[in-house]
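This report goes through one chain from its central strand outwards, taking burial, strand pairing, nonpolar cores, aromatic pairs and backbone geometry in turn.

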Amino acid sequence: IVGSDVRIDGADMFGNVAAMDLDADTFRVALYNNTITPDNDVTAANSAYNVVQWVTAQEVFQAGQWAQAGVALSGVTLNAGTADVVFFDATDPSSGTAATLANVYGMLCYDDTLTTPVADQGLTYNYFGGVQSVTNGQLTIVLNALGILRITL
């Protein structure tokens, strides 16, 4: 699965309201069905995991394969060494090898460490361009080669 349509809750992060530590906090990726309606102008409180459209009733998961509340990102890197660019990236998240996941339309990447001003505040959401599924196999989200979050200075 390759994601598109990325959103960031930058106002809080850049305004130093939410102290997201991109190279130390734990970030998770939760999967969602098509009943959500993401909003690019939502408040930080409404971007959080298990709030408004991101409630668990819309989440897609399977115990032992893709956990409810999402998979923790691994191999997280924050790179500021590229000319005029800062980017946040991670290893492509994957399910277990016997996953059965249906009606997967997108993901929410959120900060699972942050507790104030909003617990589990969203960082980005990605729409996968349509329905994705796997039956007794492995679901892998191929993150953009340019990173989960990229800021050109």
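Ten of the 13 residues of strand 6 are buried, so this strand is largely enclosed by the rest of the structure. The model is a predicted one, and every value below has been computed from its atoms.

**Overall layout**

The chain consists of one helix and eight strands, and the order of these elements from the N terminus is α-β-β-β-β-β-β-β-β. Of its 153 residues, 45% are buried. Among contacts with a separation of 6 or more, 73% are made by residues 24 or more positions apart. The exposed surface of the chain comes to about 7300 Å², and carbon and sulfur atoms supply 50% of that area.

**Strand 6 and its partners**

Strand 6 is joined to strand 1 by six bridges, and the two run antiparallel; within this pairing, Ala30 has Leu108 of strand 6 as its bridge partner. Strand 6 is also joined to strand 7, here by eight bridges and again in antiparallel fashion, and Cys109 has Thr124 of strand 7 as its bridge partner.

**Two nonpolar cores**

In soluble globular proteins, nonpolar side chains tend to be buried together. The largest nonpolar core of this chain holds 25 residues, of which Leu31 and Leu101 touch the most other members. Strand 1, strand 6 and strand 7 are the elements that give two or more residues to this core, and strand 6 provides the largest share, with five residues. When residues up to four places away in sequence are set aside, the contacts of Leu101 include Leu31, Val60, Phe61, Trp66, Val134 and Leu139, together with polar residues such as Gln62, Ser95, Gln132 and Ser133. A second core, separate from the one just described, has eight residues, among them Tyr49, Trp54, Leu108 and Tyr125.

**Aromatic pairs**

How many aromatic pairs does the chain contain? The count comes to four. A pair of aromatic rings is described by the distance of the centres and the angle of the planes. For the pair formed by Tyr49 and Tyr110, these values are 4.9 Å centre to centre and 10 degrees between the planes, and the pair is stacked. Tyr49 lies in the loop between strand 1 and strand 2 whereas Tyr110 lies in strand 6, so the pair ties together parts of the chain that are 61 residues apart in sequence. Both partners count as buried, Tyr49 at 10% relative accessibility and Tyr110 at 1%. Elsewhere, Tyr32, Trp54 and Tyr125 form one aromatic cluster.

**Buried positions in loops**

Gln58 is placed in the loop between strand 1 (27-32) and strand 2 (59-60). Is Gln58 buried or exposed? Its relative accessible area is 18%, and because buried means under 20%, Gln58 falls in the buried class. Apart from its neighbours within four places in sequence, Gln58 is in contact with Leu31, Tyr32, Asn33, Thr35, Ile36, Val52 and Gln53.

Val118, located in the loop between strand 6 (99-111) and strand 7 (122-137), is likewise buried, with a relative accessible area of 12%. Not counting residues up to four places away in sequence, Val118 touches Ala44, Ala45 and Ala48. The C-alpha atoms of Val118 and Ser47 are 9.0 Å apart in space, although the two residues are 71 positions apart in sequence.

**Backbone geometry**

The loop between strand 6 and strand 7 also holds Pro117, and the peptide bond from Thr116 to Pro117 is cis, with omega near 0 degrees. Two residues other than glycine with a positive phi are set out below.

| Residue | Element | Phi | Relative accessible area |
|---|---|---|---|
| Asn103 | strand 6 | about 55 degrees | 44%, partly exposed |
| Asn136 | strand 7 | near 50 degrees | 55%, exposed |

Asn103 is thus a partly exposed residue within a strand that is largely enclosed by the rest of the structure, while Asn136, in strand 7, counts as exposed.

Key. Residues numbered from 1 in each chain as written. Predicted model: local features only at pLDDT ≥ 70, side-chain atom pairs only at ≥ 80, totals over all residues. Heavy atoms only, no water. Helix = DSSP H or I, 4+ residues; strand = E, 2+ residues; numbered from the N terminus. Buried < 20%, exposed > 50% of the residue type's maximum accessible area, 1.4 Å probe, protein only. Contact = heavy atoms within 4.5 Å. Phe/Tyr/Trp six-rings, centres within 6.5 Å; stacked < 30°, edge-to-face > 60°. Core = buried A, V, L, I, M, F, W, Y, C linked by side-chain atoms within 4.5 Å. Pairing = 2+ DSSP bridges. Areas by Shrake-Rupley, 256 points an atom, 1.4 Å probe, with all protein chains shown as cover.
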